[in-house]
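Hello,

Here is the structure we talked about handing over. Please open it next to this message and follow along.

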Amino acid sequence: MHFDEVTSTNEELKRIITQGQAKEGLVVSTEYQTSGRGQIGNSWESNDGENLLLSVYLEPTFLSPADFFLLNMSVCLAVVESLNEIHNGFQIKWPNDVLFDGKKIGGILIETTISGTRVQSAIIGIGLNINQRTFLSNGHFKPSSLRNVLGQIVDRDYVKRILLNCLESRYLNLRADNTGHEIRQHYFDMLFGFSTPVLAGVRGQRKYVQIQDVCADGRLIVLHEGKQESFLFKEISFYP
Ligand code: BTN
């Protein structure tokens with residue numbers, strides 16, 4: 001379902017689910033969000049008609065809540081793999097960013113509902129900067145777009161098709177093997193800070209750390225001053 005304008009594709013998809021009209025795999029996309037949402041209450045900046053803004057409805061009931069992050073890993077991997085089909089060099093930044101050469105090209109916002117011991121449903125919100133050239137947001141990793149990377153205007157439908165194909169195949173992989181064994185191997189190949197040390201902010205200090213592992217519940221394990229430490233989202237930040 002494609003809309004000219006919504007508040008947020010995640011919110012619009014929730015509305016459709018509440019009305020009982022959502023089947024697994026439904027994609028809600030839009031040209032413009034009046035209140036696009038990012039992680040931890042941030043907003044998501046995107047000019048009208050320039051980027052990809054979409055949410056996918058999934059029912060990953062084969063996952064236990066403790067393994068929730070395997071879904072996040074599969075989605076991040078699919079997004080980065082789809083971009084790497086167009087141009088090599090895109091990376092995942094834990095827990096949910098897409099980077100190219102130290103710039104943020106996209107973000108992922110996954111919202112799940114849990115029922116008993118299972119993940120009942122998941123809304124996979126994806127924002128990819130495609131043709132926007134300048135941005136107001138100002139994080140450690142400056143926003144940029146595929147157009148800035150390639151130096152030419154990009155066909156958004158083309159990227160969307162590749163993205164949805166990669167998502168479907170990574171999701172089916174996870175459903176077939178919910179140990180996440182195969183996904184983890186590929187995830188680490190694409191992970192910023194895994195193969196080389198990176199600068200991180202830890203308890204108000206900047207240190208070089210190297211990522212060693214990401215747990216199925218999302219905790220990040222890094223090697224820091226010769227010791228292994230585990231961090232939750234927001235306990236550690238990275239610098240380009
Ligand atoms: C982040 O990096 O903070 C995550 C950003 C996620 C943005 C996408 S755009 C489509 C979907 N709808 C939203 O309101 N947010 C996600």
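**Ser 64 and its surroundings**

Leaving aside residues up to four places away in sequence, Ser 64 touches Thr 117, Arg 118 and Val 119. Please keep in mind that this is a predicted model.

Where does Ser 64 sit? Look in the loop between strand S3 (52-58) and helix H2 (69-86). Is Ser 64 buried or exposed? Its relative accessibility is 19%, so Ser 64 counts as buried. The cut-off for buried is under 20%.

**The whole protein**

Now zoom out. The protein has five helices and twelve strands. Its radius of gyration is 17 Å, and the globule rule gives 18 Å for 240 residues. Those two values are close, so the protein is as compact as a globular protein of that length. The C-alpha trace spans about 50 × 45 × 30 Å along its principal axes.

How much of the protein is buried? Buried residues make up 51% of the 240 residues. The accessible surface comes to about 11,400 Å². Carbon and sulfur atoms account for 47% of that surface.

Contacts also reach along the chain. Take the contacts between residues at least 6 apart in sequence: 64% of them join residues at least 24 apart.

Then there are the charges. The protein has 23 positive and 27 negative charges. Their mean positions are 5 Å apart.

**Cysteines**

How many disulfides are there in the whole structure? The search finds zero. Two cysteines show why.

- Cys 166: the closest cysteine sulfur is in Cys 76, 13 Å away, which is too far for a bond. Cys 166 is buried, with a relative accessible area of 8%.
- Cys 215: the closest cysteine sulfur is again in Cys 76, here at 15 Å, too far for a bond. Cys 215 counts as buried too, at 16% relative accessibility.

For comparison, a disulfide needs the two sulfur atoms within 2.5 Å.

**Asn 173**

One last residue to find. Asn 173 is in helix H4 (residues 156-176). Asn 173 is partly exposed, because its relative accessible area is 30%, and partly exposed lies between the limits of 20% and 50%. Now find Ile 183, ten residues from Asn 173 along the chain. What separates their C-alpha atoms? The separation is 8.0 Å.

Best wishes

Note on methods. Residues are numbered from 1 along each chain as its sequence is written. This is a predicted model: local features need pLDDT of at least 70, side-chain atom pairs count only at pLDDT 80 or more; totals for chains, interfaces and linings use all residues. Side-chain values use heavy atoms; hydrogens and water are left out. Helices (H or I, at least four residues) and strands (E, at least two) are DSSP runs, numbered from the N terminus. The radius of gyration is taken over C-alpha atoms; the globule rule is 2.2 Å times the number of residues to the power 0.38. Buried means under 20% relative accessible area, exposed over 50%, partly exposed in between (1.4 Å probe, protein chains only). Contact means heavy atoms within 4.5 Å. Accessible areas come from the Shrake-Rupley method with a 1.4 Å probe; for residues, only the protein chains shown count as cover. Lys and Arg count as positive and Asp and Glu as negative; His and the chain ends are not counted. The place of a charge is taken as NZ of Lys, CZ of Arg, CG of Asp or CD of Glu.
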